[in-house]
Amino acid sequence: MAAASNSASAPPSGNSFSSAAKDGMTVEECETMIQRSLRTPSVKFLREHLEKSGCNIASNFIKAVNCDQKMSGGYVRGEGIVVCSNYMNIQDEVNQVVIHELIHAYDDCRAANLDWTNCAHHACSEIRAGHLSGDCHYKRELLRGFVKIRGHEQECVRRRVMKSLANNPYCSEAAAKDAMEAVWETCYNDTKPFDRAP
């Protein structure tokens, strides 16, 4: 879940849902996994580009917490990224959440007028995060029980965008769907800071 800031004007900007069990891991175990994820090529690349864009990443920008809501993590403008330790089970899940949320942070950094209460803005960042993070990789989809050979990635991104926008109190289901369709082509094809979708 990502949010814009701390008030009523701060809806969730996205959820990175996991297939993790209820109990997950401890905050300490998750912190260790976050430290490992910081050494992965995609995370290093995204952090470098955030800093090149003028957004400094403090040492506590990404932290593990226990979450009340069933979600994997989130980005909050001005606060950073949280990874929900109680919904994480393995390193790959932590890596995926960190990458997904770093894409939200990058979008927030590069777009001076990004408004998380605007369904189209939120949808765009979710499309990009779903497409560029690997959330919808074929193997992940199989593990979630979705089996489709052709077109699975775009279908997955659409499904996950709608799931995230459902948590935004400013976006009705109809508004969310309309916003996603309106920005789909532009946002799906926007692969910055990557040269192409990883």
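Trainee: Which residues touch the most other members of the largest nonpolar core?

Mentor: In this predicted model, Cys-30, Phe-61, Ile-62, Val-83, Val-94 and Leu-102 touch the most other members of that core, which has 30 residues. The elements that give two or more residues to the core are α1 (27-37), α2 (41-52), β3 (62-65), β5 (80-84), α3 and α4. Of these, α3 gives the most, with nine residues.

Trainee: What is Leu-102 in contact with, leaving aside its neighbours within four places in sequence?

Mentor: Leu-102 is in contact with Val-43, Leu-46, Arg-47, Leu-50, Phe-61, Ile-62 and Ile-81. A second, separate core has 17 residues, including Cys-119, Val-157, Cys-171 and Cys-187.

Trainee: Why is α3 called oblique to α4?

Mentor: The axes of α3 (residues 91-110) and α4 (residues 119-133) cross at roughly 140 degrees and come within 9 Å. Roughly antiparallel requires an angle over 145 degrees, and roughly perpendicular covers 65 to 115, so an angle between those ranges counts as oblique. That makes α3 oblique to α4. The crossing in which α3 passes α4 is right-handed.

Trainee: What makes the contact of α3 with α4 mixed in class?

Mentor: By class, this contact has five nonpolar, six polar and four charged residues. Gln-96, Ile-99, His-100, Ile-103, His-104, Tyr-106, Asp-107 and Arg-110 make the contact from α3. From α4 come Ser-125, Glu-126, Arg-128, Ala-129, Gly-130, Leu-132 and Ser-133.

Trainee: Why is α4 also described as oblique to α7?

Mentor: Helices α4 and α7 (residues 173-188) pack at about 55 degrees, with axes 8 Å apart. Roughly parallel requires an angle under 35 degrees, and roughly perpendicular begins at 65, so an angle between these limits is oblique. The conclusion is that α4 is oblique to α7. Their crossing is right-handed.

Trainee: How do you know which classes of residue form the contact of α4 with α7?

Mentor: The residues divide into twelve nonpolar, one polar and one charged. On α4 they are Cys-119, Ala-120, Ala-123, Cys-124, Ile-127, Arg-128 and His-131. Their partners in α7 are Ala-175, Ala-179, Met-180, Val-183, Trp-184, Cys-187 and Tyr-188. Arg counts as charged and His falls under polar, so Arg-128 and His-131 account for those two classes.

Trainee: How many helices and strands does the chain have, and what percentage of its residues are buried?

Mentor: The chain has seven helices and five strands, in the order β-β-α-α-β-β-β-α-α-α-α-α from the N terminus. Of its 198 residues, 51% are buried, a term that requires under 20% relative accessible area.

Technical notes: Residues are numbered from 1 along each chain as its sequence is written. This is a predicted model: local features need pLDDT of at least 70, side-chain atom pairs count only at pLDDT 80 or more; totals for chains, interfaces and linings use all residues. Side-chain values use heavy atoms; hydrogens and water are left out. Axes are lines fitted to C-alpha atoms, for helices over the stretch in contact, and angles run from 0 to 180 degrees between N-to-C directions. Helices (H or I, at least four residues) and strands (E, at least two) are DSSP runs, numbered from the N terminus. A crossing is left-handed if the near helix is turned anticlockwise from the far one by less than a right angle, and right-handed if clockwise. Contact means heavy atoms within 4.5 Å. A nonpolar core is a set of buried Ala, Val, Leu, Ile, Met, Phe, Trp, Tyr and Cys residues joined through side-chain atoms within 4.5 Å. Buried means under 20% relative accessible area, exposed over 50%, partly exposed in between (1.4 Å probe, protein chains only).
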